[in-house]
Amino acid sequence: MPLRADKNYQVGLLYFVLFILTIPAMNWVVMNVGTVCTPDGPCLIPVWPGIEAPSGVLMAGIALVLRDGLQSKLGVKWSLYAILIGAALSAFFSEPSLVIASVMAFFFSELADLIVYTPMRKRWPAWAVMVSGLIGSIVDSAIFLSLAFGSVQFIAGQVLGKFWMSLIVAILIGYMHRKHAESLKASS
């Protein structure tokens, strides 16, 4: 695809690169950053009083939202390329115990997110981000936790942490869409 100078293309390329980079970042964060780091397990952060999640949950939430933005700016084909590149890149930067879990969770959760987001995005863009993020986070959490740590003990925290990220972004997108519609209406 030739390089274009339009703003949507440039923003889309930024989403593309950032989305791909969230994957190795997520794998590093889950093993190195948190309020508590368990031996031979994930580092944890609180996501609600009494509920903790592996710290990579925040990067996973960001990845789900960046993928939606990427699709919005450059389309499904670019999203699929980014998913494949991100999955491959993850294998190079993950600790050996996380490689299969990370790649499988990333690949299938991003596909689930894409499948849910695509039909919803034009009619309900804010809801599309939130619902697809929730579905993607459930798939990601179940696969990652069971393969990486042999347990889904932290699935509630994982899903809740990713939900917070999706909710925040959905509210921002809804607000931006409303403002854009108002500006179009005012200029007519």
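Biologist: Let's start with a cysteine: is C37 buried, partly exposed or exposed?

Modeller: Happy to begin there, and please keep in mind that this is a predicted model. The relative accessible area of C37 comes to 44%. Buried would need a value under 20% and exposed one over 50%. Because 44% falls in between, C37 is partly exposed.

Biologist: And its neighbour in the disulfide, C43: buried or exposed?

Modeller: C43 has a relative accessibility of 1%. The cut-off for buried is under 20%, so C43 counts as buried.

Biologist: What is the S to S distance between C37 and C43?

Modeller: Searching the whole structure turns up 1 disulfide. A disulfide requires sulfur atoms within 2.5 Å. The link from C37 to C43 satisfies that, with an S to S distance of 2.0 Å.

Biologist: Which hand does the link of C37 and C43 have?

Modeller: The angle to look at is the one about the S-S bond, which is 105°. With that angle, the link of C37 and C43 is right-handed.

Biologist: Nice. In what order do the strands of the open sheet run?

Modeller: There are 3 strands in this open sheet, and their pairing is antiparallel. At the edges sit β1 (36–37) and β3 (51–54), each pairing on one side only. The order is β1-β2-β3.

Biologist: Which residue in β3 stands opposite L44?

Modeller: Strand β2 covers residues 43–48. It pairs with β3 in the antiparallel sense over 4 bridges. Opposite L44, in β3, stands P54.

Biologist: Over to the helices: is α4 roughly parallel or antiparallel to α5?

Modeller: Helix α4 spans residues 99–120 and helix α5 spans residues 125–149. They pack with axes 8 Å apart, at an angle of about 160°. Angles over 145 degrees count as roughly antiparallel, so α4 is, relative to α5, roughly antiparallel.

Biologist: How many nonpolar residues take part in the contact of α4 with α5?

Modeller: The crossing of these two helices, α4 and α5, is right-handed. Their contact includes 5 polar and 2 charged residues. The nonpolar residues there number 21.

Biologist: One more residue, then: is I168 buried or exposed?

Modeller: I168 lies in helix α6, which runs over residues 155–187. Its relative accessibility is 51%. The cut-off is over 50%, so I168 counts as exposed.

Biologist: And how far apart in space are I168 and V129, C-alpha to C-alpha?

Modeller: In sequence, I168 and V129 are 39 residues apart. In space, their C-alpha to C-alpha distance is 9.9 Å.

How values were computed:
Residues numbered from 1 in each chain as written. Predicted model: local features only at pLDDT ≥ 70, side-chain atom pairs only at ≥ 80, totals over all residues. Heavy atoms only, no water. Pairing = 2+ DSSP bridges. Axes fitted to C-alpha atoms, helices over the stretch in contact; angles between N-to-C directions. Parallel < 35°, antiparallel > 145°, perpendicular 65-115°, else oblique. Left-handed = near helix turned anticlockwise from the far one by under 90°. Nonpolar A, V, L, I, M, F, W, Y, C, P; charged D, E, K, R; others polar. Buried < 20%, exposed > 50% of the residue type's maximum accessible area, 1.4 Å probe, protein only.
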